[in-house]
Every structure is written in structure tokens, then in C-alpha cells.
Amino acid sequence: MKIVLIGYMGSGKSSVGNKLAEVLKIPFKDMDAEIEKNEGISISKIFSEKGEIYFRKVENRVLKKILTQSEAFVLATGGGTPCYGDSMDFILEQDDVVTVYLKTPLEVLTMRLFSEKENRPLLTHLKTEEDLNDFIRKHLFERGFYYNQSEMIIDVGSEKIVKTVEKILLKLF
Ligand SMILES: Nc1ncnc2c1ncn2[C@@H]1O[C@H](COP(=O)(O)OP(=O)(O)OP(=O)(O)O)[C@@H](O)[C@H]1O
Ligand SMILES: O=C(O)C1=C[C@@H](O)[C@@H](O)[C@H](O)C1
Ligand SMILES: [Mg+2]
């Protein structure tokens, strides 16, 4: 089985994905890490030196490469992965993939991301928590169109990572 985690920045795709893969004893893959490995520079540097359009093209190519591998895995996508080009359609076309949206309240995302926005190039310009909250509200509304096409939607609150993993396992099996 291939499990693809989808959701906004800070929704926990990387943290939850890592734990879920460990429990299921299958490899864990992270789109952002794969992109950094392929390009040999950090995501922030790709954005600042090559621009977002370049990043989105690489992201789409890396996604397709990972999804067409034959073995099982848990994949943490980047927050924007399903929202550009044909990426979401491509994910949904794969018969052996289950898509899981980690649906996380705006307030939880704002709180988590305020202390981590420096690693996220789309958020670094937002100086106050209020600005960040406003930005995420609008961005989440636009991206919801893609995220909500996921086959499984998991409501994630301010619970522990293992709790979210449990919820996914309960829905899967
Ligand atoms: N359930 C949780 N409870 C508490 N903290 C969490 C939880 N899930 C994630 N976090 C924390 O929130 C932060 C963001 O999580 P993570 O990096 O996993 O998000 P992401 O969805 O992979 O984001 P991105 O799209 O930017 O890669 C991390 O510091 C992580 O430890
Ligand atoms: O939501 C987004 O568009 C992004 C999320 C991160 O995972 C990275 O892929 C990058 O910072 C862009
Ligand atoms: Mg991540």
C-alpha cells in the first residue's frame, strides 16, 4: 500500500508520516527532503535562487517519480504539492495509492508555524502572528479545493502525533 499524506504546512505530514511508516514497517519518504537531495540545495535556496515556478516543476517531476515506484511507502507531500499542474489528478489516478488529508484548524497551524516560518519561504515575510493567521486563512481556502479531493480526511486538533497516527490506522484497517 502507498499512503500519501496531504495538507497545509504545519499540519504534521512529515512528523505523522514518519511515525506511521515506522508502525507499518514500510519506508517513509518526504517530498521536500527528496527535492533537496535531487537539487543539492535547501528548499529556501531553491525559492530564492531559482524561483517558485522552478520549484513547482521539480516538485511535480519528483512526485511522479516517487509514485511510480513499485514498493509500499508513506509519502509526506509538501504543503503545495497537490495544488499545482496535474499533481492532484496524477495522485488520484494511482490505483495503489490512498490519499489522506490532515485537516488542521487555522489556529493550530498559526501557532505551530509562527515559530517555524523561517524554514518556509512562503511565510518568511509575515512578521506578526496576526499577519500569518490572515495569510493562512486565505491560502487554506484556496488550497482546500485540492486537499478536499483526498479519499480520507482526518481531523487533526492539537493532539499528540501518535493520536493522529492511530486515527489514520483506524480508518485504514
Ligand atoms: N500532532 C502534533 N502535535 C504537536 N506538534 C505537532 C504535531 N504535528 C506536527 N507538530 C509539529 O508541528 C511542526 C510542523 O510539523 P511538520 O513539519 O510535520 O508539518 P508538515 O505538514 O510536514 O509541514 P510542511 O508542509 O511545511 O513540510 C513540527 O514542529 C512538528 O513537531
Ligand atoms: O505549502 C507550500 O507551498 C510549501 C510547503 C513546504 O512543504 C515546501 O514544499 C515549500 O516550502 C512550499
Ligand atoms: Mg513536511
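UniProt, in an unreviewed entry, places the feature "binding site" at Ser-14, and in this predicted model Ser-14 is found in helix 1, which covers residues 13-24. Ser-14 is also listed with Met-9, Gly-12, Ser-15 and Gly-79 as the residues that come nearest among the 19 around ligand 1.

**Setting of Ser-14**

- Ser-14 counts as partly exposed because 18 other C-beta atoms lie within 10 Å, a number that falls between the limit of 12 or fewer for an exposed residue and that of 20 or more for a buried one.
- When residues up to four places away in sequence are not counted, Ser-14 touches Asp-30 and Ala-76.

**Shell around ligand 1**

- Helix 1, the element that holds Ser-14, gives the most to the shell around ligand 1, with three residues.
- Helix 8, spanning 161-172, joins helix 1 in supplying at least two residues each to the shell around ligand 1.
- Divided by class, the shell around ligand 1 has nine polar, seven charged and three nonpolar residues.

**Shell around ligand 2**

- The surroundings of ligand 2 are made up of Met-9, Asp-32, Ile-43, the run Gly-78, Gly-79 and Gly-80, and then Arg-120, Pro-121 and Leu-122.
- By class, the residues of the shell around ligand 2 divide into four nonpolar, three polar and two charged.

**Residues listed for both ligands**

- Met-9 and Gly-79 belong to the residues that come nearest to ligand 1, and Met-9 and Gly-79 also appear among the residues around ligand 2.

Conventions:
Residues are numbered from 1 along each chain as its sequence is written. Chains are lettered from A and ligands numbered from 1 in the order in which they are written. This is a predicted model: local features need pLDDT of at least 70, side-chain atom pairs count only at pLDDT 80 or more; totals for chains, interfaces and linings use all residues. A residue is near a molecule or strand if its C-beta atom, placed from the backbone, lies within 6 Å of it. Ala, Val, Leu, Ile, Met, Phe, Trp, Tyr, Cys and Pro count as nonpolar, Asp, Glu, Lys and Arg as charged, and the others, Gly among them, as polar. UniProt positions are given in the numbering used here, feature names are shortened, and annotations may be inferred rather than shown by experiment. Helices (H or I, at least four residues) and strands (E, at least two) are DSSP runs, numbered from the N terminus. Two residues are in contact if their C-beta atoms, placed from the backbone, lie within 7 Å.
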